[in-house]
Amino acid sequence: QGPLQGAVPSRGMHAKRDPRRLSIEGNIAVGKSTFVKLLVNTYPEWHVATEPVATWQDVQSAGPQKGSAPQSLGNLLDMMYRDPARWAYTFQTFSFMSRLKVQLESCSEKPDEAGGLVQVFERSVYSDRYIFAKNLFENGSLSDIEWHIYQYWHTFLMQEFASRLRLHGFIYLQATPQVCLKRLHQRARAEEKGIELAYLEQLHDQHEAWLVRKTTKVHSKALQSTPLLVLDVNDDFSEGGAKQEELMSKGRSPPSPEAPHKKGLVNRCQKISH
Ligand SMILES: Nc1ncnc2c1ncn2[C@@H]1O[C@H](COP(=O)(O)OP(=O)(O)OP(=O)(O)O)[C@@H](O)[C@H]1O
Ligand SMILES: Nc1nc(=O)c2ncn([C@H]3C[C@H](O)[C@@H](CO)O3)c2[nH]1
């Protein structure tokens with residue numbers, strides 16, 4: 001029996017409960033995908049929606065006629081990094097739409113199949129705006145009018161889909177921009193080879209402003225008060241061991257009598273109604 005035994009509810013216990021919906025946030029290459037894989041190994045019953053990077057790397061046309069083969073239209077991730085002033089707005093519309101679909105599709109599972117589940121998203125419609133689009137505006141890659149139009153439809157859609165997009169918690173994986181750059185080089189994704197420390201520093205600051213300092217102006221009170229768990233992932237946990245187990249248990253651990261305020265995020269989220 002591991003230290004987490006008993007903390008994860010069995011399916012039968014929560015057959016009618018809405019799924020708890022969490023988003024993993026963090027800088028580029030901080031280790032979100034790696035962390036999500038560890039979560040799935042530890043909690044195989046959790047549903048995970050990874051970031052649709054492959055869709056951005058190969059945008060497909062629907063095909064001119066029904067049933068005809070889709071055509072590849074290009075690598076939008078690469079285009080955005082090569083020429084942000086030209087492609088940033090296009091990228092944000094597409095990344096937003098693909099995140100919206102992922103978040104809406106996950107919550108359309110039948111309630112009694114999804115009951116008691118935890119759904120984990122890698123980033124969210126919120127980081128699309130409050131991290132990336134905001135940063136692209138502030139560094140001059142989105143013009144005033146593009147940023148205005150982006151916020152106009154984003155706010156409208158967030159209000160229209162408010163209840164279906166509501167998240168119960170954020171897990172913020174926090175590491176220095178220097179550590180992220182090292183991991184980015186180690187991963188060596190072709191489109192990212194031009195990314196410099198300064199860009200990761202900007203994104204780090206956006207995460208800190210939105211999630212930690214809470215100085216970023218957000219569109220809703222519910223979002224402002226969404227529970228947050230900050231995990232320091234500067235240390236290497238990819239080889240397993242005690243650090244990995246500690247991180248997993250922080251995400252889930254039951255309240256302890258000595259420190260009742262230090263509940264795991266999922267336990268805190270279960271107190272929040274949908
Ligand atoms: N804690 C860690 N210690 C050492 N290396 C790590 C750690 N977490 C991830 N890595 C390594 O860093 C690289 C980036 O990790 P990963 O792909 O999980 O990042 P990510 O946050 O999902 O990236 P992106 O923002 O692009 O989606 C990978 O090579 C991974 O093996
Ligand atoms: N501009 C921009 N807006 C986004 O919403 C966004 N989300 C992710 N990314 C980049 C980071 C990684 O290189 C790669 C995979 O995370 O995609 C984004 N870039």
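1. Helix H1 (residues 32-42) lies across strands E1 (20-26), E2, E5 (118-122) and E6, and runs at about 165° to E5. Angles run from 0 to 180 degrees between N-to-C directions, with axes fitted to C-alpha atoms, for helices over the stretch in contact. Helices (H or I, at least four residues) and strands (E, at least two) are DSSP runs numbered from the N terminus.

2. This is a predicted model, in which local features need pLDDT of at least 70, side-chain atom pairs count only at pLDDT 80 or more, and totals for chains, interfaces and linings use all residues. Residues are numbered from 1 along each chain as its sequence is written, while chains are lettered from A and ligands numbered from 1 in the order in which they are written.

3. The protein has 13 helices and 7 strands. An open sheet of 5 strands follows the order E2-E5-E1-E6-E7, with parallel pairing; strands pair if DSSP finds at least two bridges between them. Its edge strands are E2 (47-49) and E7 (228-232), each pairing on one side only.

4. Strand E6 (residues 169-174) is joined to E7 by 5 bridges. Among the residues of this pairing, Phe170 has Leu228 in E7 as its bridge partner.

5. Leu173 is in contact (C-beta atoms, placed from the backbone, within 7 Å) with residues including Ile24, Phe35, Leu231 and Val233, leaving aside neighbours within four places in sequence.

6. Around ligand 2 stand residues including Glu51, Phe91, Asp128 and Glu192, near meaning a C-beta atom, placed from the backbone, within 6 Å. Helices H3 (76-82), H4 (84-107) and H6 each supply at least two residues of this shell.

Note on methods:
Two residues are in contact if their C-beta atoms, placed from the backbone, lie within 7 Å.
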